[in-house]
Amino acid sequence: GSDINVSPPPIGGQTVYIFGPPEYLRDESKICTVRVHDECNGSDVFGSDICTCRPYLVHGIEECVRTAQEGGVGVIVYFRKEGRSLGEVTKFLVYNARKRQEGGDRAETYFHRTACVAGVEDMRFQELMPDALHWLGIKKIDKLVSMSDMKYNAITGSGIKVLERVAIPDDLIPADAHVEIDAKMYAGYFVPEEKRALVNDDLLKTEGRGLDE
């Protein structure tokens, strides 16, 4: 026979980590916890405290392990979408620009600074992201460990039910990452009921460390 020519789509790869019996993923009677995580080398590997990526990933793993220990199943899908799919070099250029801009690093200009450097705020195409979940046979997620509306909308829009969303606990937010998390909360990311009263213009005043600190 002849070889089959395959043209992969222009998206990064992914790795799936399953905690508990894989067959539970297709069983809607079992509790299922999921974190869909986009790669962040600076935080995940080197421990940068300018974002919440590493502690949120660790929290997601802990939630997955806890669910498995209680008789359910947990899944971490680790996508190679470094720097919102803009790449690591671009991401570090954005970090540098945030720290050097007039007025300092602040929530008010968090998304705008990325657009100034990269031309867009985000290059991830989350509509294809749920394919990995469907391949695993997941039809229901009891706990989605994510605050991203882009991810939530892509997952639910593809027909997977999400019963609960889990925000990163306050005590896990790194010292310099309040700029990121406050900007995202103000922009409409998921916020737990008990914290919604805090979403106001004051969030935009949050400032990060100075360049020389």
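This is a short chat about the fold, helices and loop residues of one predicted protein model.

Q: What kind of model is it, and how are residues numbered?
A: It is a predicted model, where local features need pLDDT of at least 70, side-chain atom pairs count only at pLDDT 80 or more, and totals for chains, interfaces and linings use all residues. Residues are numbered from 1 along each chain as its sequence is written, and side-chain values use heavy atoms, with hydrogens and water left out.

Q: How many helices and strands are in the protein chain?
A: Seven helices and six strands. Both are DSSP runs numbered from the N terminus: helices are H or I with at least four residues, strands are E with at least two.

Q: In what order do the elements run?
A: From the N terminus on, β-β-α-α-β-α-α-α-β-β-α-β-α.

Q: How does the radius of gyration agree with a compact globule?
A: The chain has 18 Å, and a compact globule of 213 residues would be near 17 Å, so the two agree. The radius is taken over C-alpha atoms, and the globule rule is 2.2 Å times the number of residues to the power 0.38. Along the principal axes, the C-alpha atoms fill a box of roughly 60 × 50 × 30 Å.

Q: How much of the chain is buried?
A: 46% of the 213 residues. Buried means under 20% relative accessible area, exposed means over 50%, and partly exposed is in between, with a 1.4 Å probe and protein chains only.

Q: And what does the chain expose?
A: About 11,300 Å², with carbon and sulfur atoms supplying 52% of it. Those areas come from the Shrake-Rupley method with a 1.4 Å probe; for residues, only the protein chains shown count as cover.

Q: What share of the contacts joins residues at least 24 apart?
A: 71%, among contacts between residues at least 6 apart in sequence. A contact is heavy atoms within 4.5 Å.

Q: Switching to helix 2. Where is it, and how far does it reach?
A: Helix 2 covers residues 53–69, which is 17 residues, and reaches 24 Å from its first C-alpha to its last, close to the 24 Å expected at 1.5 Å a residue. The expected span is 1.5 Å times one less than the number of residues.

Q: Which of its residues are buried?
A: C53, P55, Y56, L57, H59, G60, E63, C64 and T67. Their cover includes strand 1 (14–19), strand 2 (32–38), helix 1, strand 3 and strand 5 (143–144).

Q: What follows helix 2?
A: G71, with a positive phi near 100 degrees.

Q: And helix 3, what are its buried residues and partners?
A: Helix 3 is residues 88–100 and reaches 18 Å from first C-alpha to last. T90, K91, V94, Y95, R98 and K99 are buried. The buried residues pack against helix 1 (41–44), helix 4 (110–118) and helix 7 (178–187).

Q: Why would buried positions in a helix be three or four places apart?
A: An α-helix has 3.6 residues a turn, so residues three or four places apart point the same way.

Q: Which residues other than glycine have a positive phi in the loop ahead of helix 3?
A: R84 has a phi of about 55 degrees and S85 has one near 65 degrees. R84 lies in the loop between strand 3 (73–79) and helix 3, and S85 is placed in the loop between those elements too. Most residues other than glycine have a negative phi.

Q: Are those two buried or partly exposed?
A: R84 counts as buried because its relative accessibility is 14%. S85 is partly exposed, with a relative accessible area of 34%.

Q: What touches F111?
A: Not counting residues up to four places away in sequence, F111 touches R84, E121, A183, K184, A187 and Y189. F111 is found in helix 4 and is buried at 17% relative accessible area. F111 and A183 are 72 residues apart in sequence and 7.8 Å apart in space, C-alpha to C-alpha.

Q: What about A118, also in helix 4?
A: A118 is partly exposed, with a relative accessible area of 29%. Leaving aside neighbours within four places in sequence, A118 is in contact with L86 and T90.
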